Amino acid sequence: PASAGRQIMASSNGRRRNPKFPAKLMYLLADKDFVDIASWTPDGKKFTIYNPKEFESKVLPKYFKESKFSSFLRKLYRWGFSKRSDGVDGARLDRNSP
């Protein structure tokens, strides 16, 4: 659901917390409102951000505290993603294998 990015979850100790980064990423990639801005590749192993400016202005404010695309990319890199350039407009991101 579109509201899932801001969903509050209860942790095991009873405190309320926001979903972690990977969960938010999954919610946004499943959000039908943004399929023209970011989506999974057909093989389901990578995702593409077709329009980084729209991603920054429409998607980031809904799902993340970060408001800059560059901050979002840094967080992806920390989670083991890398940017691929394979002739696709925008940014194609792939999870590195361990």
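## The overall picture

Buried residues account for 38% of the 98 residues in this protein. Keep in mind that what you're looking at is a predicted model. Its secondary structure adds up to three helices and six strands, and if you walk along the sequence you meet them in the order β-β-α-β-β-α-α-β-β.

About 6400 Å² of the protein is exposed, with carbon and sulfur atoms supplying 51% of that area. As for how the chain folds back on itself, take the contacts with a separation of 6 or more: 39% of them are between residues 24 or more positions apart.

## The nonpolar core

The largest nonpolar core has 19 residues, and the ones touching the most other members are L25, L28, F55, F72 and L76. Four elements each give two or more residues to this core: helix 1 (21-30), strand 4 (46-49), helix 2 (52-63) and helix 3 (69-78).

L28 is a good place to start looking around. Setting aside residues up to four places away in sequence, L28 touches A38, F55, V59, Y63 and F64. Over in helix 3, the buried residues are F69, S71, F72, L73 and L76. Why do some of those spacings crop up? An α-helix has 3.6 residues a turn, so residues three or four places apart point the same way. Just past the end of helix 3, G80 adopts a positive phi of about 95 degrees.

## Aromatic rings

There are 10 aromatic pairs in the count. Take F34 and Y63: their ring centres sit 6.4 Å apart with the planes at 75 degrees, which makes this an edge-to-face pair. F34 belongs to the loop between helix 1 and strand 3 (38-40), while Y63 is in helix 2, so the pair ties together parts 29 residues apart in sequence. Both F34 and Y63 are buried.

F64 and F72 make a tilted pair, at 5.3 Å centre to centre and with 55 degrees between the planes. F64 counts as buried because its relative accessibility is 8%, and F72 counts as buried at 0%. Ring pairs also join F21, F55, F64, F69, F72 and W79 into a cluster.

## The strand 3 and strand 4 hairpin

Strand 3 and strand 4 pair up antiparallel, over three bridges. One pairing to find on screen is W40 with F47, its bridge partner in strand 4. Five residues lie between the two strands of this hairpin, where G44 takes a positive phi near 75 degrees.

Which way do the residues of strand 4 point? K46 and T48 point one way and F47 and I49 the other, and all of them are buried.

## A closer look at S39

S39 sits in strand 3. Is S39 buried or exposed? With a relative accessible area of 11%, S39 is buried, because the cut-off is under 20%.

What does the side chain of S39 make a polar contact with? Its partner is the side chain of Y50, at 2.9 Å. Leaving out neighbours within four places in sequence, the residues in contact with S39 are L29, F47, T48 and Y50. Two of these names, F47 and T48, turned up above as strand 4 residues that point opposite ways.

How values were computed: Residues numbered from 1 in each chain as written. Predicted model: local features only at pLDDT ≥ 70, side-chain atom pairs only at ≥ 80, totals over all residues. Heavy atoms only, no water. Buried < 20%, exposed > 50% of the residue type's maximum accessible area, 1.4 Å probe, protein only. Contact = heavy atoms within 4.5 Å. Areas by Shrake-Rupley, 256 points an atom, 1.4 Å probe, with all protein chains shown as cover. Core = buried A, V, L, I, M, F, W, Y, C linked by side-chain atoms within 4.5 Å. Phe/Tyr/Trp six-rings, centres within 6.5 Å; stacked < 30°, edge-to-face > 60°. Pairing = 2+ DSSP bridges. Polar contact = N/O pair within 3.5 Å; in protein donor to acceptor, adjacent residues only side chain to side chain.
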